[in-house]
Amino acid sequence: MGMKKILMVCLGNICRSPLAEGILKSKLPPESFIVDSAGTAGYHVGELPDGRSIEVARKYGIDITNQRSRKFRKTDFDKFDMIFAMDQSNYADIVALSENEEQHEKVRMILNELYPDENRNVPDPYYGGDQGFENVYKMLDEACEIIASKLE
Ligand code: 4NP
């Protein structure tokens, strides 16, 4: 069996999806899985994750400082097996770029792992305080625990 490849996507790829990438990676054996992240917007391409994401990850023992923001591209549909959107706006933006049913079906709302069919958003913590990042970390940790348990 080949490597399973999972992509986490938010808007800027500096707050939520870098956390999702780091958390899921920490729960899966690296020899069998590739986990990456991207943003639907290119505002922060090449930048490190937001310092508040770096800090909350570090607090839970995960280093995400190897990550750099990149933009989602159409070739990601073929490169990855599953694509997790952080919110409904990310979901709509990704699906709008899909060109067939197979690509469309790869896209999921990450919190549907915890709350099936509810299409709940991971709140964008960018304009909030540190508590928003703690909250986001906890919901992503729970969702990634379920994703990892299904994949292993
Ligand atoms: P993210 O958060 O999508 O979780 O990375 C954001 C980061 C930057 C911006 C918006 C959301 N921004 O508008 O620059």
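Helices here are DSSP runs of H or I at least four residues long, and they are numbered from the N terminus. With that in hand, you can find Gln 103 in helix 5, which covers residues 101-105. We'll come back to that helix. One thing to know before you start clicking: this is a predicted model.

**Stop 1: the whole chain**

Show everything as a cartoon. You should be able to pick out six helices and four strands. Follow the chain from its start and the order reads β-α-β-α-α-β-α-α-β-α. Now turn the model around: the C-alpha atoms fill a box of roughly 40 × 30 × 30 Å along the principal axes. A compact globule of 152 residues would have a radius of gyration near 15 Å, and the 14 Å of this protein agrees with that.

Switch on the surface next. About 7,600 Å² is exposed, with carbon and sulfur atoms supplying 49% of it. Of the 152 residues, 47% count as buried. If you colour by charge, look for 19 positive and 26 negative side chains; the centres of the two sets lie 3 Å apart.

**Stop 2: the strands**

Select residues 82-85, which form strand 3, and show their side chains. Which way do they point? Met 82 and Phe 84 go one way, while Ile 83 and Ala 85 go the other, and all of them are buried.

Add residues 4-10, and you have strand 1, which pairs with strand 3 in the parallel sense over four bridges. To see one of the matches, pick Leu 7: its bridge partner in strand 3 is Ile 83.

Then add residues 107-109. This is strand 4, which runs parallel to strand 3 and is joined to it by three bridges. Here, click Phe 84 and look across to its bridge partner in strand 4, Arg 108.

**Stop 3: back to helix 5**

Zoom in on Gln 103. Is it buried or exposed? Gln 103 has a relative accessible area of 7%, so it is buried, since the cut-off is under 20%. Leaving out residues up to four places away in sequence, Gln 103 touches Phe 77, Asp 78, Leu 97 and Ser 98.

Now select Glu 99, in the loop between helix 4 (88-97) and helix 5. Glu 99 counts as exposed because its relative accessibility is 58%, and exposed means over 50%. Draw a distance from its C-alpha atom to that of Phe 77: the two residues are 22 apart along the chain, and the gap is 9.2 Å.

**Stop 4: helix 6**

Select residues 130-151 for helix 6, then pick out Asp 141 in it. Asp 141 is partly exposed, with a relative accessible area of 26%. What does Asp 141 touch, not counting residues up to four places away in sequence? Ile 23 and Lys 27. Try Leu 24 as well: it is 117 residues from Asp 141 along the chain, yet their C-alpha atoms are separated by 7.8 Å. For the whole protein, among contacts between residues at least 6 apart in sequence, 73% join residues at least 24 apart.

**Stop 5: two asparagines in loops**

Most residues other than glycine have a negative phi. Select Asn 13, in the loop between strand 1 and helix 1 (16-27). Its phi is positive, near 55 degrees. Asn 13 is also buried, at 2% relative accessible area.

Finish with Asn 119, in the loop between strand 4 and helix 6. The phi of Asn 119 is positive too, near 50 degrees. At 34% relative accessibility, Asn 119 counts as partly exposed.

How values were computed. Residues numbered from 1 in each chain as written. Predicted model: local features only at pLDDT ≥ 70, side-chain atom pairs only at ≥ 80, totals over all residues. Heavy atoms only, no water. Rg over C-alpha atoms; globule rule 2.2 N^0.38 Å. Buried < 20%, exposed > 50% of the residue type's maximum accessible area, 1.4 Å probe, protein only. Contact = heavy atoms within 4.5 Å. Areas by Shrake-Rupley, 256 points an atom, 1.4 Å probe, with all protein chains shown as cover. Lys, Arg positive; Asp, Glu negative; His and termini not counted. Charge placed at Lys NZ, Arg CZ, Asp CG, Glu CD. Pairing = 2+ DSSP bridges.
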